[in-house]
Amino acid sequence: MALLAPPIPSQLPEFAQHYLSRTKQLYIDGKFVDAQSGKTFPVFNPATGEILAEVAEGDVADINLAVAAARRAFESKAWSGLPPSQRARLIDKLADKLEERLEDFALLESLDNGKPLAVARVADVPMSVDNLRYMAGWATKILGDSIPIAGDFHAYTRREPIGVVGQIIPWNFPLLMAAWKLGPALAAGCTIVLKPAEQTPLSALLLAEIAAEVGFPPGVLNVVPGYGETAGAALAEHPDVDKVAFTGSTEVGKIIVRAAAGNLKKVTLELGGKSPNIIFADADVAQATQGAAFGIFFNMGQCCTAGSRLFVERSVFDEVTHGIAAAAKAMNVGHGLDARTDIGPLVSDEQLARVTGYIESGIAEGARTLSGGARVGDRGYFVEPTVIVDAKPHMKIMREEIFGPVVAATPFDDPNEILGAANDTVYGLAAGVWTKDVSKAHKVAAALRAGTVWVNCYNVFDPALPFGGFKQSGWGREMSHNALECYTETKSVVVKL
Ligand code: ADP
C-alpha cells in the first residue's frame, strides 16, 4: 500500500480554480443569493484538510424563503401544469447538460468528497444522467385507473403531485443522491427545496446553475446548503412542506420522522445498513473474493449498502479473507485526482475519527486485523482498507454501521444457520450471496430481510430497480416507478351518471 502525494491547489484544472474562488451562494427562486444572515461556512478538501470553498450558510430564514418560492411555483402550476412532455423535455435537457459537463462535475465531486476522479467519471456522473433520463420518461406515463364500482357511477383515480418537497441528502454520493431525489419529484410535478450535506454542497450548486440555464421556471428547484441541525431541521419541520425525503443515518432519520409529525408531512427515508455478504463454499471463490472486496471498499466503504459483515463457509474462509487482505494491501491510497488512486480519503475528520474509533473498539473487544487498521499519513482523512477477523456477533463492529473501508469476516459451518446470523441486525438494506447452486441462491435471497439482494455480484444499481430498506433501513423506495409513487397522491373521483 502506498500513500500518494497530496494535490497542489494551483495545479487544479482551470474550471475548479475559477469555480472555487468565488463564494458559492444559495439558489432560491431562480436566483443565486447570499444567506439572509450573510454567514458562510467552509467546505474542506478531504485529501488535505484545507479549505476548498466558502459556501453561503442557509438557515431557517433561507429555508422559509425557499419553501415560499417552491410553494408559489407549485400553486402557479408553472411546473405541474406544463404538458407532461414538456416536463420530460426539461428533465432530459438537464440530463444532457450534466452529460456535457461531465468532467466539471466529476472534478468537483472528487475534490469535495475525496473519491477517485476516475470513479466519479464512470459512476457518479453517468449514473446521475441515467437516473434523470429514466425519470424524464415517467413524466408522460403517470396514469390513473378507471374503476368499476357499484351503482350508476363513473369512478377513476388521478395521480397528482404531492406538492412542495424537502429533500435532505448525504455526502457519500452528493450528485447521485441529488439526482435520485430530484428525478422522480420533477417528473411527478412537485417543486423542491434540496439541502445538500454540509460536507459536500458543491455539485448540487453546480446542478442548480445548469437547471437555471436549461430553463426550469423559478422556484421549481431551490438548493439551500447549510448544517443539518439548522437548515435541515427547518426543512423537516416546515409546516408548508408536504413531503420530506431523507437519505442519511438511521439516527437522523428518526429525528426527521419526529420533525415531520407537526404537519404529518409524508416521509420517505433511505437510511443505514449493516449488510451481510454470504460466501458459500460452492461459489466461484476468486470471483466472490473480488466481489466482497469491491462490496466493502467501493467509495471507501462510505456506502449504505457496504457489505460490512462477511460470512464465509469455513472451508474457504482463509482463502477468501487472505484474498481480500491481499487486495487491500495492493491498493493505492491517495487523493482523488491522482490516476493511480484506488482509495481516496474519507470525507471528513469526523468520519476519520469514527472509522478509526470502530477499528480500535473491535480490537479492544478481542477482534484482530488481517490487514490495515490504521490512519494513513498525518494529513487529510486517509484510512487503510481493513479486514477484521475473530469478531463476535455482540461486538459494536458487528452491530453498528461503520461507514468506512472496514469489513468483519466470520466463518460458518452450517449453511442452514447462516440466515439467522445474517438477519441478526436492526438494518435491512442490502445483502450479497455467492454460490453456484441456483436453488440455494433463490432460497437465501427470499429468506434475507433486505431491500436488495445481490447474487454473485454486489452494488449493482439501475434506475429501473427499486432501492430501499426493510426494518430500520428506511421507508419507501428510490428509483423505479416506486419512487414516482412516493411523490404523488392518489385522488379518487366519482361521477354520478
Ligand atoms: P452522517 O452522520 O453520515 O453525516 P447524517 O444523517 O448526519 O449523516 O446527514 C445526512 C443529511 O442529514 C445531511 O444533509 C445533514 O446535514 C442532514 N441532517 C443532519 N442532522 C439533521 C437534523 N437534525 N435535521 C435535518 N437534517 C439533518
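Rings of Phe, Tyr and Trp, with Trp represented by its six-membered ring, pair if their centres lie within 6.5 Å. With that in hand, here are the legends for this predicted model.

**Figure 1. The whole protein has 16 helices and 22 strands.** Let's start with the full view before moving in. The C-alpha atoms fill a box of roughly 70 × 65 × 40 Å along the principal axes. A compact globule of 497 residues would have a radius of gyration near 23 Å, and the protein agrees, with 23 Å. Of its 497 residues, 57% count as buried. Among contacts between residues at least 6 apart in sequence, 74% join residues at least 24 apart. About 19100 Å² is exposed by the protein, and carbon and sulfur atoms supply 54% of that area.

**Figure 2. Ring pairs link W180, W454, Y458, F461 and F467 into a cluster.** This close-up shows the five side chains of the cluster, W180, W454, Y458, F461 and F467. A search of the whole structure finds 14 aromatic pairs, and the next view turns to one outside this group.

**Figure 3. Y134 and W138 form an edge-to-face pair.** Their ring centres are 6.4 Å apart and their planes meet at 75°; planes over 60 degrees apart count as edge-to-face, so the pair earns that name. Both residues sit in helix α5 (residues 117-138), and being four residues apart there, they are separated by about one helical turn. Are these two residues buried or partly exposed? Y134 is partly exposed, with a relative accessible area of 22%, and W138 is also partly exposed, at 21%.

**Figure 4. The rings of W454 and Y458 make a tilted pair.** Here the ring centres are 4.8 Å apart and the planes lie at 50°, so the pair counts as tilted. How accessible is W454, and what does it count as? W454 has 4% relative accessibility and counts as buried. Y458 is buried too, with a relative accessible area of 4%. Buried means under 20% relative accessible area, so both values qualify. W454 and Y458 are also among the members of the cluster in Figure 2.

**Figure 5. I147, I149, F153 and V494 make a nonpolar surface patch.** Finally, we come to the surface, where these four residues provide a patch of about 310 Å². Where does I149 lie? I149 is found in the loop between β6 (146-147) and β7 (153-161). At 37% relative accessibility, I149 counts as partly exposed.

Notes:
Residues numbered from 1 in each chain as written. Predicted model: local features only at pLDDT ≥ 70, side-chain atom pairs only at ≥ 80, totals over all residues. Heavy atoms only, no water. Patch = residues over 30% accessible without salt bridge, like charges linked within 9 Å, V, L, I, M, F, W, Y side chains within 5 Å. Areas by Shrake-Rupley, 256 points an atom, 1.4 Å probe, with all protein chains shown as cover. Salt bridge = Lys/Arg side-chain N within 4 Å of Asp/Glu carboxyl O. Helix = DSSP H or I, 4+ residues; strand = E, 2+ residues; numbered from the N terminus. Buried < 20%, exposed > 50% of the residue type's maximum accessible area, 1.4 Å probe, protein only. Rg over C-alpha atoms; globule rule 2.2 N^0.38 Å. Contact = heavy atoms within 4.5 Å. Phe/Tyr/Trp six-rings, centres within 6.5 Å; stacked < 30°, edge-to-face > 60°.
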